[in-house]
Structures are given as C-alpha cells and as structure tokens.
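Trainee: I would like a close look at a single part of this protein. Please pick one residue, start there and work outwards.

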Amino acid sequence: MKRILLYFSIFILFLFIIASCSKKPYDNINLKKALDLMNKSTNLVLLDVRTPEEYMSGSVPNSINIDVLNTDFKSKIDILDKNKEYIIYCRSGNRSTVASSIMATNGFLHVYNLANINYSDFVNAVLTNQN
C-alpha cells in the first residue's frame with residue numbers, strides 16, 4: 001500500500017511539474033473572477049478536490065467533492081459533463097492546480113483553477129456574496 005501511495009504521489013508530482021512548465025490548458029482565476037462566474041453562469045460546477053474529511057468539515061454550498069489524491073479521481077471526472085464550466089478549488093491551490101491540469105488534458109473545455117486563494121477566504125466570500 002505504501003508503495004502504491006509513493007508511486008501515485010510521484011505521478012501527481014510529475015503532472016504538477018509538467019503542468020507548470022507548459023502553457024496551461026486552463027485558466028487561473030482570482031476570487032473576484034470566481035464570484036463573477038458564479039453570479040453569471042448557469043452552466044457552472046464548483047469542484048472541491050480536497051479529501052472527503054476536509055469536505056465534510058465544511059464546504060462551499062452546492063459544490064461537489066472529488067478527491068484529487070484518490071486513485072479513482074480520473075474515473076470519477078470521466079463521468080462529468082466536459083462542456084460545463086468548472087471552478088476547481090482546494091485548501092490552498094496546490095491540489096486544484098493538479099486537478100485542473102488533469103481535467104483540461106482530458107477534454108474539459110472550461111476549467112478555472114482558483115489559484116492562490118485560501119479555502120476559508122473563498123467560502124466566506126461565497127457566503128457573503130449570497131446574502
């Protein structure tokens with residue numbers, strides 16, 4: 001099991017390095033752009049790529065959770081609609097970058113990575129924006 005986790009971690013690191021060295025097939029967005037998309041788009045999905053435990057401890061309303069570090073991440077995203085718009089977020093922006101890269105290279109057309117935004121700042125902004 002430890003060997004599988006090690007290989008998977010190396011694979012994720014490799015994807016992260018490749019993604020950071022090449023032109024990104026997704027858009028990094030800031031908090032303002034995320035809120036604008038949430039207010040305007042009728043085709044938007046909020047994708048939380050944290051662990052299920054993190055998600056259960058608090059999440060953005062109406063988001064879905066698919067753990068990017070889980071070995072079944074690819075099979076779970078394969079059933080999603082590739083034509084929808086996706087805002088990808090995690091706790092700090094590292095896992096969302098990996099997930100955004102995987103999704104964009106697997107045919108998702110509109111992938112937005114909430115980069116360098118702390119999860120608690122995002123959820124507070126969403127909750128404030130809904131009132």
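Mentor: A definition comes first. A polar contact is a pair of N or O atoms within 3.5 Å, where one must be able to donate a hydrogen and the other to accept it. Keep that cut-off in mind. Also remember that this is a predicted model.

Our residue is Arg50. Look for Arg50 in the loop between β2, residues 44–48, and α3, residues 52–56. Is Arg50 buried or exposed? Arg50 has a relative accessible area of 3%. Buried means under 20%. So Arg50 counts as buried.

Now use the definition. A polar atom of the Arg50 side chain lies 3.4 Å from the backbone oxygen of Glu54. The cut-off for a polar contact is 3.5 Å, so this pair falls within it.

Next, the neighbours. Set aside residues up to four places away in sequence. Arg50 then touches Tyr55, Gly58, Ser59, Asn65, Ile66 and Asp67, among others. Its list also includes Tyr89, Cys90, Arg91, Arg95 and Tyr119. Two of these names deserve a visit: Arg95 and Tyr119.

Take Arg95. This residue sits in helix α5. Its relative accessibility is 15%, so Arg95 is buried. Beyond its sequence neighbours up to four places away, Arg95 touches Val49, Arg50 and Thr51. Glu54 is on that list too, along with Val68, Leu69 and Cys90. Notice Glu54. Its backbone oxygen is the one that lies 3.4 Å from a polar atom of the Arg50 side chain. Notice Cys90 as well. Arg50 touches Cys90, and Arg95 touches Cys90.

Now Tyr119. Its place is in helix α6. At 13% relative accessibility, Tyr119 counts as buried. Which residues does Tyr119 contact, leaving aside neighbours within four places in sequence? They are Arg50, Gly58, Ser59, Val60, Tyr89, Cys90 and Arg91. Compare that with the list for Arg50. Gly58, Ser59, Tyr89, Cys90 and Arg91 appear there as well.

Ser59 adds a detail. Its backbone nitrogen lies 3.0 Å from a polar atom of the Tyr119 side chain. The chain also comes back on itself here. Tyr119 and Asp48 are 71 residues apart along the chain, yet their C-alpha atoms are separated by 9.7 Å.

Stay with helix α5 for one more stop. Ser100 lies in this helix, which covers residues 94–105. With a relative accessible area of 0%, Ser100 is buried. Its contacts, leaving aside neighbours within four places, are Tyr26, Ile88, Val111 and Asn113. From Ser100 to Asp121 is 21 residues in sequence and 20 Å in space, C-alpha to C-alpha.

For contrast, turn to Phe11. It lies in helix α1, residues 2–21. Its relative accessibility is 43%, so Phe11 counts as partly exposed. Phe11 and Asp121 are 110 residues apart along the chain, and their C-alpha atoms are separated by 30 Å.

Then look at two loop residues. Asn62 is in the loop between α3 and β3, which spans 63–65. Asn62 is exposed, at 74% relative accessible area. Its phi is near 65°, a positive value in a residue other than glycine. Asn116 is in the loop between β5, residues 110–114, and α6, residues 119–130. Asn116 is exposed too, at 73%. Its phi is positive, about 55°, although Asn116 is not a glycine.

Finally, step back. The chain has six helices and five strands. In sequence order they follow the pattern α-β-α-β-α-β-α-β-α-β-α. The C-alpha trace spans about 50 × 30 × 25 Å along its principal axes. A compact globule of 131 residues would have a radius of gyration near 14 Å, and this chain has 14 Å, which agrees. Buried residues make up 42% of the chain. Arg50 is one of the buried residues.

Distant contacts also show up in the totals. Count contacts with a separation of 6 or more. Residues 24 or more positions apart account for 69% of them. The contact between Arg50 and Tyr119 joins a loop to helix α6.

Last, the surface and the charges. The chain exposes about 7,600 Å², and carbon and sulfur atoms supply 57% of it. There are 14 positive and 11 negative charges, with mean positions 5 Å apart.

Technical notes:
Residues numbered from 1 in each chain as written. Predicted model: local features only at pLDDT ≥ 70, side-chain atom pairs only at ≥ 80, totals over all residues. Heavy atoms only, no water. Helix = DSSP H or I, 4+ residues; strand = E, 2+ residues; numbered from the N terminus. Rg over C-alpha atoms; globule rule 2.2 N^0.38 Å. Buried < 20%, exposed > 50% of the residue type's maximum accessible area, 1.4 Å probe, protein only. Contact = heavy atoms within 4.5 Å. Areas by Shrake-Rupley, 256 points an atom, 1.4 Å probe, with all protein chains shown as cover. Lys, Arg positive; Asp, Glu negative; His and termini not counted. Charge placed at Lys NZ, Arg CZ, Asp CG, Glu CD.
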